[in-house]
Amino acid sequence: MDNVLRHPSSTGPMADDDGLSRHPPADIHAELAVLAECIHKPEAYTEAEAIIGRGDFTHPAHQLVWDVLGQQVRNGEPTSPIALRAEIERLDQLRRVNGGDYLWEISGAFGGGSVDYFARLLRDKTRERDGDALATRIKTAVIKQAGPDEIDRLITEYQQRRANITTSDPITSRLVAGGAFILDRPEQIPAVWGEDDQVLWAEGEGLIIAGPAGVGKTTVGQQVLLAAIGIRSHALGFAVRPAKRVLYLASDRPQQAARSMARMVNHEHRDILDAQLVFWPGPPPSDFIKDPSILVRLCQKAGADMVCLDSLKDMAGELASEEGGQAINSAIQRTLVEDIEVIALHHHRKQGGGKDGGREPTSLDELYGSTWITAGAGSVVSLWGAAGDPIVSMKHLKQPAGECGPWRLKHDHPNGYTEVWHEVDVLDVLVHARGMLTAQQLAAQIYSPDKGKPTPSEVEKARRKLDQLAERGLARKVSGGGGRGKESGYVASFSPDGELPS
């Protein structure tokens with residue numbers, strides 16, 4: 001029965017190095033001691049929460065009691081077994097604690113000890129389980145004859161995680177040697193969404209998709225999430241790293257979000273959707289300003305390793321204030337550090353009349369809210385157009401690697417599908433240029449075909465694109481080109497036969 005305390009091996013025994021099966025490392029008595037301390041001394045919960053989370057408990061009943069304790073403490077409500085039973089009954093989960101009787105058994109484990117001591121014991125066991133899981137991954141990679149680079153990476157990760165087990169101090173365990181942190185990094189930025197140097201969403205860094213109402217930011221974001229759970233093969237032509245489970249905070253018009261995604265799936269996808277996608281309709285349980293850790297707790301309760309915030313304005317009040325921006329940033333960073341990827345939907349500042357009225361945003365300053373919001377993001381994508389337009393523009397305002405776009409996106413609204421409809425081909429522009437092509441001229445074609453006056457930043461990005469062609473032998477840089485001030489120009493590297501290098 002699920003409501004009876006058993007050995008915490010719900011995932012089954014693990015194979016030890018000697019080939020014998022054994023249970024994952026756990027300390028059921030320490031779990032009981034932590035919960036008992038929090039029941040008798042509510043202030044102990046805050047102390048324990050700084051060290052552990054629900055994932056450090058191995059028994060489902062203990063995870064439930066931990067969650068309810070936290071909610072009671074944050075609401076200033078009693079934490080006695082009677083109060084806990086009432087709340088668990090309201091959640092229709094009494095069967096998991098033997099009708100409530102198990103709460104008294106937990107309460108009886110109180111020994112008047114130090115909650116941080118018992119919490120550190122649990123954290124140590126979690127690290128040991130993580131180490132065992134990594135060891136299993138290494139064995140699997142060897143069996144599947146993975147390449148040496150992959151095995152080396154797993155071994156390095158395993159050794160680092162095992163080294164952290166030697167300490168029960170949660171602060172010390174997060175410290176990383178300078179050389180390892182700086183130098184032991186992959187050559188390519190690991191991508192959640194993207195590939196090679198074109199990365200729209202980097203691992204461990206938040207992604208913001210911004211745009212006015214009706215331009216398709218929800219549509220694009222949902223296509224990314226569906227690719228993450230395997231229903232779509234890509235998003236905008238780029239691969240998306242698989243996610244175990246996605247939490248979608250549908251806080252802004254949840255029914256509209258549901259209708260949007262309904263265009264992209266059918267009843268054949270129900271099992272995948274039920275297993276790998278979970279929704280939270282409406283605003284989060286508490287404002288990020290009041291409770292910056294609420295996001296990571298929601299993700300942990302949902303068992304999610306990826307979360308979508310739709311949209312940021314519903315996560316915290318007063319986004320334009322320093323307090324609001326810092327709260328958004330803090331909540332996202334707390335979530336990322338727990339290996340949960342974050343994608344957020346946002347909007348631009350409302351533009352008035354005048355010469356800049358209705359002008360497409362070209363900088364992060366034109367997104368609504370405090371600069372802390374975009375400062376904490378690794379990638380920011382801006383969509384622009386009129387509400388309901390099938391063709392909208394996309395600019396990559398902040399890039400973790402190379403710039404993606406600018407693109408024109410084409411929305412197939414009835415089927416919920418978006419594709420890159422147009423992108424300026426730099427090599428094609430260079431080949432068909434009359435004489436030499438300057439970075440200023442290329443920037444005008446890529447970034448500002450209508451106004452013809454690219455910003456200095458856009459000119460530099462265009463220059464990098466031309467320099468990349470030169471590095472590949474497809475272009476030559478000529479000093480003293482044809483631009484004003486004798487700016488350097490570029491020409492295509494044709495052979496005597498009129499062919500470009502392959």
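A residue counts as buried when its relative accessible area is under 20%. With that cut-off in hand, let us walk through this predicted model, starting from a helix in its interior.

Helix H13 spans residues 294-302, and seven of its nine residues are buried, so the rest of the structure largely encloses this helix. If you would like to pick them out on screen, the buried residues of H13 are Ile294, Leu295, Val296, Arg297, Leu298, Cys299 and Ala302. What do they pack against? Their partners include three helices, namely H2 (43-49), H3 (60-74) and H14 (322-336). Strands take part as well: E6 (246-250), E7 (277-281) and E8 (306-310) pack against the buried residues of H13. Just past the end of this helix, glycine 303 adopts a positive phi of about 65 degrees.

From here we can turn to the nonpolar cores. In soluble globular proteins, nonpolar side chains tend to be buried together. In this model the largest nonpolar core has 40 residues, and Trp193 and Tyr248 are the ones that touch the most other members. Helix H10 (residues 217-228) is the top contributor to this core, giving six residues. A second core, separate from that one, has 31 residues, among them Cys299, Ala327, Ala344 and Val380. Cys299 will be familiar, as one of the buried residues of H13.

It is worth pausing at tryptophan 193 in the largest core. Leaving out residues up to four places away in sequence, tryptophan 193 touches Val199, Leu200, Trp201 and Leu207, along with Val220 and Val224. Its list of contacts also takes in Ala235, Leu236, Phe238, Ala239 and Val240.

Val380, a member of the second core, leads us to threonine 374. This threonine belongs to helix H15 (residues 371-375). Is threonine 374 buried or exposed? Its relative accessible area is 8%, so threonine 374 is buried. Apart from neighbours within four places in sequence, threonine 374 contacts Val380 together with Ile208, Leu364, Leu367 and Lys398.

Not every nonpolar side chain is hidden, though, as the surface shows. Val176, Phe181, Ile182 and Leu183 make up a nonpolar surface patch, with a combined accessible area of about 450 Å². Valine 176 sits in the loop that joins helix H8 (170-174) to helix H9 (178-183). Its relative accessibility is 51%, and because exposed means over 50%, valine 176 counts as exposed.

Finally, a look at the backbone. Most residues other than glycine have a negative phi, and most peptide bonds are trans. Which residues depart from the usual sign of phi? Asparagine 98 is one, with a positive phi near 55 degrees. You will find asparagine 98 in the loop between helix H4 (81-90) and helix H5 (101-107), and at 38% relative accessible area it is partly exposed. Aspartate 339 also has a positive phi, near 65 degrees. That aspartate lies in the loop between H14 and strand E9 (341-346), and its relative accessible area of 62% makes it exposed.

Two cis peptide bonds round off the tour. The bond from aspartate 310 to serine 311 is cis, with omega near 5 degrees, and serine 311 is placed in the loop between E8 and H14. The bond from glycine 405 to proline 406 is likewise cis, with omega near 5 degrees. Proline 406 is in the loop between strand E11 (391-398) and strand E12 (407-412).

Note on methods. Residues are numbered from 1 along each chain as its sequence is written. This is a predicted model: local features need pLDDT of at least 70, side-chain atom pairs count only at pLDDT 80 or more; totals for chains, interfaces and linings use all residues. Side-chain values use heavy atoms; hydrogens and water are left out. Helices (H or I, at least four residues) and strands (E, at least two) are DSSP runs, numbered from the N terminus. Buried means under 20% relative accessible area, exposed over 50%, partly exposed in between (1.4 Å probe, protein chains only). Contact means heavy atoms within 4.5 Å. Patches are made of residues with over 30% relative accessible area and no salt bridge: like charges are joined within 9 Å, nonpolar side chains (Val, Leu, Ile, Met, Phe, Trp, Tyr) within 5 Å. Accessible areas come from the Shrake-Rupley method with a 1.4 Å probe; for residues, only the protein chains shown count as cover. A salt bridge is a side-chain nitrogen of Lys or Arg within 4 Å of a carboxyl oxygen of Asp or Glu. A nonpolar core is a set of buried Ala, Val, Leu, Ile, Met, Phe, Trp, Tyr and Cys residues joined through side-chain atoms within 4.5 Å.
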